[in-house]
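Visitor: Please take a close look at one part of this structure for me. I would like to know what surrounds it and how it fits into the rest of the chain.

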Amino acid sequence: MKIFGKTISKHALFRIGAILLTLLVLGTSAGIYAKYVRGVRVKGTLKVDGAAADTEAPDDTGKGLDETEAPEVTEGPVITDEPEVTDEPEVTDEPVITEEPEAVPEIISFEARAELAPVGGEDFDCYLYIELGGDAVPGAEWLPVEGARGRHGSSVYVYANGGLPVIVDPGEDGGIIVNADGALCVRVSYEASAEAEVFACLVPAYDGETPASLYNDHQ
């Protein structure tokens, strides 16, 4: 037989057919193998930068390599911070005593008449004094006399006008000095929590003397 202009014997032709058949079978097997074989699982070691890293297949529990185990839960009593209990105040049967505020005395207005000693007909200038006891306070027309010693141990005042002692006329009727049933009396208005004793006197006014010295010399 001639192939491509060359004469080939039957024996050689048989060998060529056998070779082609063998190649066909090997090619077919390789194709089938390549069709159904996709990968091979191999267990071994992997070297990264010269260090060996063991590779293991995941276990059957389904947990991944990145999952961490949950902490173990133990049963026990739950302790909470309870508020501190303070001791209650002791209760006694004794009565509670409270101090009552002191009562403020009520101030009342009073008017009194103090009798003067008889005055002679001689004309002379006089200061009019009164002595007022207790917590009594006379009107604004009476000026306290500092340094005067009351005969009855009470405060001494002199009749004044505008803060200065004034001369009075003993024979005046209807003013501070009044004639009551033939007796000369001094009319005094004051404020106090109770009635007070009032004493009055006339003292001649001498030049160069203070109201206090005049009153003390007269006693």
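Guide: Leucine 116 sits in the loop between strand 5 (108-115) and strand 6. The model is a predicted one, and every value below is computed from it. Leucine 116 has a relative accessible area of 5%, and because buried means under 20%, this loop residue counts as buried.

What is leucine 116 in contact with, once its neighbours within four places in sequence are left aside? The partners are Leu128, Ile177, Leu184, Cys185, Val186, Ala200, Cys201 and Leu202. For one of these partners, alanine 200, the spacing can be given: leucine 116 and alanine 200 are 84 residues apart in sequence, yet 6.0 Å apart in space, C-alpha to C-alpha. Such a pairing fits the chain-wide figure: among contacts between residues at least 6 apart in sequence, 64% join residues at least 24 apart.

Two of the partners are cysteines. Cysteine 185 is buried, with a relative accessible area of 9%. Cysteine 201 also counts as buried, at 17% relative accessibility. Why does cysteine 201 not form a disulfide? Its sulfur is 9.9 Å from the closest cysteine sulfur, in cysteine 126, and a disulfide needs the two sulfur atoms within 2.5 Å, so the distance is too far for a bond. The count for the model is zero disulfides.

Ala200, Cys201 and Leu202, all contacts of leucine 116, appear again at the largest pocket, where they lie nearest its centre together with Ala117 and His218. This pocket has a volume of about 310 Å³ and is lined by 20 residues. The elements giving two or more residues to the lining are strand 6 (126-132), strand 13 (198-204) and helix 2 (211-218). Strand 13 supplies the largest share, five residues. By residue type, the lining divides into 14 nonpolar, three polar and three charged.

Helix 2 can be followed a little further from here. Its buried residues are Ala212, Leu214, Tyr215 and Asn216, and they pack against strand 6, strand 9 (155-161) and strand 13. Strand 6 and strand 13 are thus named both as packing partners of the buried residues of helix 2 and as contributors to the pocket lining. Aspartate 217, in contrast, lies in helix 2 but is exposed, with a relative accessible area of 60%. Aspartate 217 and alanine 148 are 69 residues apart in sequence and 9.8 Å apart in space, C-alpha to C-alpha.

Strand 12 (residues 183-192) holds arginine 187. Arginine 187 is partly exposed, with a relative accessible area of 33%. Between arginine 187 and isoleucine 176 there are 5.7 Å in space, C-alpha to C-alpha, for a separation of 11 residues in sequence.

As for the chain around this part, its secondary structure comes to two helices and 13 strands. Of its 219 residues, 20% count as buried, and leucine 116 is one that counts as buried. The accessible surface of the chain comes to about 18400 Å², with 53% of it belonging to carbon and sulfur atoms.

Definitions and conventions
Residues are numbered from 1 along each chain as its sequence is written. This is a predicted model: local features need pLDDT of at least 70, side-chain atom pairs count only at pLDDT 80 or more; totals for chains, interfaces and linings use all residues. Side-chain values use heavy atoms; hydrogens and water are left out. On a 1 Å grid over the protein atoms alone, a cavity is a set of points where a 1.4 Å probe fits but cannot get out, and a pocket is an open set with protein on both sides within 12 Å along at least five of seven lines; lining residues have an atom within 4 Å of a point. Grid points are joined across faces, edges and corners, and a volume is the space filled by probe spheres set on the points. Helices (H or I, at least four residues) and strands (E, at least two) are DSSP runs, numbered from the N terminus. Ala, Val, Leu, Ile, Met, Phe, Trp, Tyr, Cys and Pro count as nonpolar, Asp, Glu, Lys and Arg as charged, and the others, Gly among them, as polar. Buried means under 20% relative accessible area, exposed over 50%, partly exposed in between (1.4 Å probe, protein chains only). Contact means heavy atoms within 4.5 Å. Accessible areas come from the Shrake-Rupley method with a 1.4 Å probe; for residues, only the protein chains shown count as cover.
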